[in-house]
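Student: Got a minute to go through this one with me? I'd like the overall layout, then some details.

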Amino acid sequence: MPEVLANNTKQGGDVSESSEKGVKLEKQVAKLLQKKLGARVARDKRSGAGSHQKMDVSDFYQDTPLDIECKNHKTIKIKEWWRQAKAGSSFSRIPTVVFQADDEVLATVRFSDLVDLVAETQQSRKQIKKLTAPVVKTASGVVVDPAHLKPSKARSAWTECRGGNIVSPGETKCLVKNCSYCSNKKAKKAK
């Protein structure tokens, strides 16, 4: 009889150690999402309890498009974990399995979802680039695309010295006193 109690205690210890590993990964994932994305996420305290479908990292405010299922096991069972993540994910959210493998945290998502995320990122970059582009208005108030501007004759007559300073039309040197490439710089007298 004492042998049976010892085995149950030992198994209980393994279960709690396994549970602690899972909790540690869930907290690590939530912390990374908070730090990198500013997401208001947290480890779901109901994680691993009961038979209801839920994710390991709760994202009540939907700051990310991901429904995350975390796994920290020695044996990797992606197909089984993927089915669980798919069954627990909400409509229009991306089921994601995050797991620990050889001291590295990896994630599994559908390839089409990954491509959609990259496409959204590229689209956002294009919009940001367009919004940060300079706006040029003519004297009459017409907005002109800077890519289609051509230098005026007066501007095209200007040149630059080797130091990158503007040289006025008809001049042979720039007007910058400390230019190391033009004759404005006075040579030091040798002693």
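Tutor: We can take the fold, the cores, a pocket and a few single residues in turn.

Student: What kind of model is it?

Tutor: This is a predicted model.

Student: OK. How many helices and strands does the protein have?

Tutor: Four helices and nine strands.

Student: And in what order do the elements run from the N terminus?

Tutor: The order is α-β-β-β-α-β-β-α-β-β-α-β-β.

Student: What share of the residues counts as buried?

Tutor: The protein has 191 residues, and 23% of them count as buried. Its accessible surface is about 15300 Å². Carbon and sulfur atoms hold 54% of that surface.

Student: What about contacts between residues 24 or more positions apart?

Tutor: Such pairs make up 34% of the contacts with a separation of 6 or more.

Student: Now the inside. Which residues make up the largest nonpolar core?

Tutor: There are twelve. They are Leu-25, Val-29, Ala-30, Leu-33, Ala-39, Val-41, Val-57, Leu-66, Ile-68, Cys-70, Ile-94 and Val-98. At least two residues come from each of α1, β3 and β4. α1 supplies the largest share, four residues.

Student: Why would nonpolar side chains be buried together?

Tutor: That is a general tendency of nonpolar side chains in soluble globular proteins.

Student: Take Ile-68 from that core. What is in contact with Ile-68, beyond neighbours within four places in sequence?

Tutor: Val-29, Leu-33, Met-55, Asp-56, Val-57, Thr-96 and Val-98. Of these partners, Val-29, Leu-33, Val-57 and Val-98 are also listed in the largest core. Another core, of six residues, lies apart from the largest one. Trp-81, Trp-82, Phe-99 and Ala-101 are among its members.

Student: Switching to Lys-71. Where is Lys-71 found?

Tutor: In strand β3.

Student: Buried or exposed?

Tutor: Lys-71 counts as buried, because its relative accessibility is 12% and the cut-off for buried is under 20%.

Student: A lysine, though. What does Lys-71 touch?

Tutor: Leaving out residues up to four places away in sequence, Lys-71 touches Leu-25, Trp-81, Gln-84, Val-97, Val-98, Phe-99 and Gln-100. Leu-25 and Val-98 are members of the largest core. Trp-81 and Phe-99 are in the six-residue one.

Student: Let's do pockets. How much space lies in the second largest pocket?

Tutor: About 300 Å³. Its lining has 14 residues. Closest to the centre are Val-29, Leu-32, Leu-33, Val-98 and Ala-107.

Student: Which elements give two or more residues to that lining?

Tutor: α1 (2-37), β3 (66-71), β4 (94-101) and β5 (104-108). The largest share is from α1, with six residues.

Student: And by class, what is in the lining of the second largest pocket?

Tutor: Eleven nonpolar residues, two polar and one charged. Val-29, Leu-33 and Val-98 turn up in the lining and also in the largest core.

Student: On to loops. Where is Arg-40?

Tutor: Arg-40 is in the loop between α1 and β1 (42-43). Arg-40 counts as partly exposed, because its relative accessibility is 48% and exposed means over 50%.

Student: What does Arg-40 touch?

Tutor: Ser-58, Asp-59, Tyr-61 and Asp-63, not counting residues up to four places away in sequence. Take Asp-59: Arg-40 and Asp-59 are 19 residues apart in sequence, and their C-alpha atoms are 6.6 Å apart in space.

Student: Last topic, backbone angles. What is phi of Ser-92?

Tutor: Near 65 degrees, a positive value in a residue other than glycine. Ser-92 is in the loop between α2 (78-88) and β4. At 63% relative accessibility, Ser-92 counts as exposed.

Student: And phi of Asp-103?

Tutor: Near 60 degrees, again positive and again not a glycine. Asp-103 is in the loop between β4 and β5. Its relative accessibility is 78%, so Asp-103 counts as exposed.

Note on methods. Residues are numbered from 1 along each chain as its sequence is written. This is a predicted model: local features need pLDDT of at least 70, side-chain atom pairs count only at pLDDT 80 or more; totals for chains, interfaces and linings use all residues. Side-chain values use heavy atoms; hydrogens and water are left out. Buried means under 20% relative accessible area, exposed over 50%, partly exposed in between (1.4 Å probe, protein chains only). Contact means heavy atoms within 4.5 Å. Accessible areas come from the Shrake-Rupley method with a 1.4 Å probe; for residues, only the protein chains shown count as cover. On a 1 Å grid over the protein atoms alone, a cavity is a set of points where a 1.4 Å probe fits but cannot get out, and a pocket is an open set with protein on both sides within 12 Å along at least five of seven lines; lining residues have an atom within 4 Å of a point. Grid points are joined across faces, edges and corners, and a volume is the space filled by probe spheres set on the points. Ala, Val, Leu, Ile, Met, Phe, Trp, Tyr, Cys and Pro count as nonpolar, Asp, Glu, Lys and Arg as charged, and the others, Gly among them, as polar. A nonpolar core is a set of buried Ala, Val, Leu, Ile, Met, Phe, Trp, Tyr and Cys residues joined through side-chain atoms within 4.5 Å.
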